[in-house]
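Work through the exercises below with the sequence and the model open. Each task is followed by a solution in steps.

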Amino acid sequence: MTAVDLSGVGKVFNAGRADQVVALTGVDLTVESGQFVSLIGPSGCGKSTLLRLVADLIRPTTGTLTVAGKPARKARLDQEYGIAFQQAGLFEWRTVLRNVELPLELRGTGRRERKRRAEEMLELVGLSDFAAHYPAQLSGGMQQRVAIARALAVHPPLLLMDEPFGALDEMTRERLQDELLRICAQTGTSTIFVTHSIPEAVYLSDRVVVMSARPGRITDVIEIDLGPRSEATRQSAGFFAGITKVRRALRGSPAPASAEVPA
Amino acid sequence: MRRRLRVTLGAVAALLLGAALWEGYKAVGSADGASVFGVRVLPRADDSAMPHVLDILRRFGQPELAGGDPIWLVVLDACLFTLRSVAVGFGVGAVIGLVLAVVMQRFRVVERGLLPYVILSQTVPLIALAPVIAGWGGKLSLGSYPWQPWMSVATIGAYLAFFPVAVGMLRGLHSPAAIAEELMHSYAAGWWRTLVKLRLPASTPYLFPALRLAGAAAVVGAVVGEISTGTRGGIGRLVIEYSREATGDPAKVYTAMIGAALLGLAVAALVGAAEFLLNRRRRVLV
C-alpha cells in the first residue's frame, strides 16, 4: 500500500507575474506504507513546499498527488496525516494535555476518549509527568516532543515533519531521533521528514530524497539500509558510507577528491 | 501579600502627595494666579478657586441644600444612576467592537473599507454628536418600552467604548503565528472553529487592555453625554449644577468631580477583577 504518491508535481508561485518563482518541477515520488523518507537539499530547493503540498496547505500547479490513496484535500479533511514544524507551535493557553487533545477535539472525539488518547501519546513521548504543565514551562526539546505527540494523537497513518529538530541542541536532537524511530516503528506510521542535516537524514531514513534548487527538483534518491538503529549505528561504516553518498549527491557530481584547485 | 501591602501603601502615598501638592500650591501661589501675556498659566490659589482639601472632604458630610441629604449620598446616588448608562454603554460597545473586529479579520475587504471609518468615528466631537443622538432617541422606542434619556447617554458611552475594543481585538485576532493557522488548517478546522479554538484565546492579552480603555471611555462618554443632552439624575448633571454654585460654595463642585473620578476607578477595577478571575483559571507562568 502506498502512503503518498506524487507524479509530475510542479508548483509555481505568483504565476504570470514579474516575481514568478518555480518552486518545484516534475516531482515523482512514492512513499510506501511504513517507510521513513527524508527530504534534503539546500535552502530554496522546495523541500518544505513539497511537504506542504502533501499536507494540502498549498495546491500543486501541475501533476497529481494522492495521500493514502485519496486526493490530498480529502486526505487532509479526513486527518490522514499529522504534521509538526520547526517551532513546536503549541497553544500557550492550553496545558500540555489539552494541546495534545486539540486535534481530537476538532475531530469530535468524546471527552473521556480524548483524555485517554492524549495521555497515551504523552506516555509515548515520555512526558506523562508534564500533562498539567503549560508550554512555557517546558524546554524546547520537551515542547517539540509535545508537538510530536499532538501530531500522532489521531493515529494518522502518515507523519509530516518540517525540520522538527532544527532548533534543538545536538544531544537533544539525537535522543529525539531515536525516540521518533521507536514511535514510528511502534505505530507503523509512514514519515516524510524535511531536514538540513545529512547525518540526521541518513540515520532516520529508509530513503533519502536529494533535492536541488532553481528550479526545485529531485536529483537523486538514495536507499539506506542500516537495519535496526542503535547507538552503534552512528559509528558504523555503513552509516558513514551513507553520509558520503548523500553528500556527493548534494554536490551534484561523483565528487572527484582532488579536482578542486583553490583559485 | 507583601506586594499587595506595597501597592496599597503606594496608592495612599500618591493620594497624600496629591493633597500635599494642592495645599502647597495654595500656600505659595498668588491669589490671582500667574499670567504671561494675558494668558493664565497658573490657576488662582484663593479659596474660591482652590478650596482646602479638608473643606472638600468635610463638604461630603454636609447636606446638599439646607435640610437635604448629605452630599456623599447625593453623589453616590448620581454615580449609581450614571453607572447604569456606563454599564450598558460599555457592554454594548464591547460587543459591537468585538463583532467589528471579527468581521474585519474575516474579510480583508471589510477591514480595508471599514477601519478608516472606525478611526474617523472617534474624531467627531462628542459635543456635536450628543444632541443628535438624544434627538434620534426621542423618536425611538424598544417595542412597547419607550426610549429613556439614559439610553441616549449609554449610546454615547458605547460610541466611545467600541473603538478600543475593535482596534485591540483586531490586532489580537491577527496575532496567531502562521504555523498555528496552518495547523488548524491541517486539522480541517473551518473559519468558525479556528476563531473559537485559536484566534479568540490568542487575543485575550489584547482584549483586557482594550476593555480597560473602553471602561474609561464609557465613563467619559456617559458623563459628557449627560452634560450635553441635559439628562437629569447622573453625576455629569451634578458636575454642571454644582459648578454653577462655585462662587458661593466652591467645595461643592469638587465633590461631584471626585465622584466622577471614583466612578471611573470603580469601572476599571471591575474590568481588572474580571481579568484576574480569567487569569487565575489559566494560572500564571513560573
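**Exercise 1: a small sheet in chain A**

Strand E4 of chain A and strand E5 (residues 70-71) of chain A are antiparallel and are joined by two bridges. Strands here are DSSP runs of E with at least two residues, helices are runs of H or I with at least four, and both are numbered from the N terminus. Two strands count as paired if DSSP finds at least two bridges between them.

The model is predicted: local features need pLDDT of at least 70, side-chain atom pairs count only at pLDDT 80 or more, and totals for chains, interfaces and linings use all residues. Residues are numbered from 1 along each chain as its sequence is written, while chains are lettered from A and ligands numbered from 1 in the order in which they are written.

Task: starting from E4 and E5, find the order of the strands in the open sheet that holds them.

Solution.
- Step 1. A:Thr66 stands opposite A:Pro71 in E5(A). E4(A) and E5(A) form a hairpin with two residues between them, and A:Ala68 in the turn has a positive phi of about 55°.
- Step 2. E4 (residues 62-67) of chain A is also joined to strand E1 (residues 2-13) of chain A, by five bridges and in antiparallel fashion. Here A:Val4 lies opposite A:Val67.
- Step 3. E1(A) runs antiparallel to E2(A), with eight bridges between them. In this pair A:Phe13 faces A:Val21.
- Step 4. The order is therefore E2-E1-E4-E5 (chain A), four strands with antiparallel pairing. Strand E2 (21-32) and E5 of chain A are the edge strands, each pairing on one side only.

**Exercise 2: the six-stranded sheet**

Task: in the open sheet of six strands in chain A, state which strands stand at the edges.

Solution.
- Step 1. The strand order is E6-E7-E8-E3-E9-E10 (chain A), and the pairing is mixed.
- Step 2. E6 (81-84) and E10 (217-223) of chain A each have a single partner strand, so one side of each lacks a neighbour in the sheet; these are the edges.
- Step 3. On average, neighbouring strands of this sheet are turned by 15° against each other, direction ignored. The angle is taken between axes, which are lines fitted to C-alpha atoms (for helices over the stretch in contact); angles in general run from 0 to 180 degrees between N-to-C directions.
- Step 4. Inside the sheet, strand E7 (residues 158-162) of chain A and strand E8 (residues 190-195) of chain A run parallel and share five bridges. A:Leu160 has A:Ile192 in E8(A) as its bridge partner.

**Exercise 3: from A:Leu160 to the core**

Task: which residues does A:Leu160 contact, leaving aside neighbours within four places in sequence?

Solution.
- Step 1. Two residues are in contact if their C-beta atoms, placed from the backbone, lie within 7 Å.
- Step 2. With those neighbours left out, the contacts of A:Leu160 are A:Leu51, A:Val54, A:Ala55, A:Tyr81, A:Ile83 and A:Ile192.
- Step 3. A nonpolar core is a set of buried Ala, Val, Leu, Ile, Met, Phe, Trp, Tyr and Cys residues joined through C-beta atoms within 7 Å. Buried means 20 or more other C-beta atoms within 10 Å of the residue's own, exposed 12 or fewer, and partly exposed in between, with C-beta atoms placed from the backbone.
- Step 4. The largest nonpolar core has 68 residues, and those touching the most other members are A:Val54, A:Val100, A:Leu122, A:Ala149, A:Leu160 and A:Ile192. Helix H5 (residues 140-152) of chain A gives the largest share, six residues.
- Step 5. Another core lies apart, with 55 residues including B:Val75, B:Met151, B:Ala154 and B:Leu170.

**Exercise 4: where the chains touch**

Task: describe the side of chain B that touches chain A.

Solution.
- Step 1. In the contact between the chains, 16 residues of chain B meet 16 residues of chain A.
- Step 2. Helix H7 (178-186) and helix H8 (191-202) of chain B are the elements that give two or more residues to this side. H7(B) gives the most, with six residues.
- Step 3. This side of chain B has 10 nonpolar, two polar and four charged residues. Ala, Val, Leu, Ile, Met, Phe, Trp, Tyr, Cys and Pro count as nonpolar, Asp, Glu, Lys and Arg as charged, and the others, Gly among them, as polar.

**Exercise 5: one glycine**

Task: is B:Gly272 buried, partly exposed or exposed?

Solution.
- Step 1. B:Gly272 lies in helix H11 (residues 250-282) of chain B.
- Step 2. B:Gly272 is partly exposed, because 14 other C-beta atoms lie within 10 Å.
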